[in-house]
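Here's a protein model to look over together. Take a look first, and then we'll go through some of the words used to describe it.

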Amino acid sequence: MTTPPAAPAPEPISPVQARALAEGVLPPVEEVRPGIWTLAVPFRFGVPDATLVYVIEGTDGVLTLVDPGWSEDGSLDALSEGLRQIGRSVSDVGLVAVTHLHADHLGAAAAVRRASGARIAMHGLEVRALEDERADAARHEADIATWGVPHEFRSGLSDAWGIGRRIGLGATEPPYADVFLDDGDLLPVAGRSLRAIWTPGHTAGHLCFLDEPDGLLFTGDHVLPRINSGIGLGGRTASNPLGDYLASLARLDGYAALEVCPGHEYRFADVVSRARILVRHREERSRHVAEALDALDAPTLFAVASRVPFSGGIESMRGFLLASALTQTAFHADLLGRAGEIRPA
């Protein structure tokens, strides 16, 4: 993820979540709709430092969790405490619906399954990315050598993006999913209408979940109120993740009236207006990449990225943040049809 854009953030539907975010504390458990709650699970590497978990009760009393959050060494203490506050427990969970494979969203799923027998549901492309994690990491390592990164910036690149990278942070275990979701699939939740919307870009198999009867859209990391989600942060893909992301934002055009339930920060209204801000940010980034390519003769990827006004500047970045900035620069160049102008180092 990158630093929030200059455009104003949407007004929170949950003032208590926004206040907790501003104060740097975990928000309390809230009831979003009858039988639907949100609670926060801390994440040791997160920006911000917690995942918003959504608890949905079916008419049969069985609970579904949308993104159970991080689990440190299999512990479910934070999740269990939140469930206790609504009079329930982990043993009541029958389904874990995962928006995407990152550890702050998927990480606790295996521990919940061990504790309750719950099934894990996610897109098959996320499962494939986890299965291909080591092979992809080796290919990332080869990419790093072509970027033209000066020696003083290389610290942590291999560990964060190359052969040391673990997108699941070791918090996942096969079988990664028991239910494979595709675009338009209904989740098996009694008495509820929860439909999967495939929104690739952040990761290849990212899903949003649509609950039209309750007027809710669960967006994971696809659309957040203040943060620009990073692009292409799952497995390697045949298509350009930036192009996928822009198309996925356009898919939300019909849902402006819904309450947005994101994976971080706070609930807000009007996903369409927020999506348009995100599109404009990407268009501005493409303009900067084009200007860099116009000014430079056969530049390396690092040279191009050095002219893009990332928050804090490229010189402030190391490790994962630097790798993400460089790969996103490459996605922009490719979408402009100018990838061939960048020379491998």
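**Spaces and a helix pair**

The largest cavity is lined by A129, E133, D136, A137, H140, R165, I167, G234 and G235. Keep in mind that this is a predicted model.

Q: What makes the space lined by A129, E133 and D136, among others, a cavity?
A: A cavity is a space where a 1.4 Å probe fits but cannot get out. The space that A129, E133 and D136 help to line is counted as the largest cavity, and about 60 Å³ of space lies in it.

Q: How does the lining of the largest cavity divide by class?
A: There are three nonpolar, three polar and three charged residues in that lining. Glycine counts as polar and Asp, Glu and Arg as charged, so G234 and G235 go with the polar residues, and E133, D136 and R165 are the charged ones.

Q: Which helix gives the most to the lining of the largest cavity?
A: That's α6, with four residues.

Q: How many cavities of 30 Å³ or more does a search of the whole structure find?
A: Three. The second largest holds about 40 Å³ of space, and its lining includes G201, H202, T203 and D244. By class, this second lining has two nonpolar, seven polar and one charged residues.

Q: What makes a pocket something other than a cavity, and what lines the second largest pocket?
A: A pocket is an open set of points, while a cavity is one the probe cannot get out of. The second largest pocket has a volume of about 580 Å³ and is lined by 23 residues, with D143, R236, T327, A330 and F331 nearest its centre. Helix α11 supplies the largest share of this lining, five residues, and the lining as a whole has ten nonpolar, nine polar and four charged residues.

Q: Why are α8 and α9 called roughly antiparallel?
A: α8 (residues 241–250) and α9 (residues 271–295) pack at an angle of about 155°, with their axes 10 Å apart. Angles over 145 degrees count as roughly antiparallel, so α8 is roughly antiparallel to α9. Their crossing is left-handed.

Q: Which residues make the contact between α8 and α9?
A: From α8 come L242, Y245, L246 and L249, and from α9 come A275, L278, V279 and R282. By class, that's seven nonpolar, no polar and one charged residues. Arg counts as charged, so R282 is the charged one.

Key: Residues are numbered from 1 along each chain as its sequence is written. This is a predicted model: local features need pLDDT of at least 70, side-chain atom pairs count only at pLDDT 80 or more; totals for chains, interfaces and linings use all residues. Side-chain values use heavy atoms; hydrogens and water are left out. Axes are lines fitted to C-alpha atoms, for helices over the stretch in contact, and angles run from 0 to 180 degrees between N-to-C directions. Helices (H or I, at least four residues) and strands (E, at least two) are DSSP runs, numbered from the N terminus. Angles under 35 degrees count as roughly parallel, over 145 as roughly antiparallel, 65 to 115 as roughly perpendicular and the rest as oblique. A crossing is left-handed if the near helix is turned anticlockwise from the far one by less than a right angle, and right-handed if clockwise. Contact means heavy atoms within 4.5 Å. On a 1 Å grid over the protein atoms alone, a cavity is a set of points where a 1.4 Å probe fits but cannot get out, and a pocket is an open set with protein on both sides within 12 Å along at least five of seven lines; lining residues have an atom within 4 Å of a point. Grid points are joined across faces, edges and corners, and a volume is the space filled by probe spheres set on the points.
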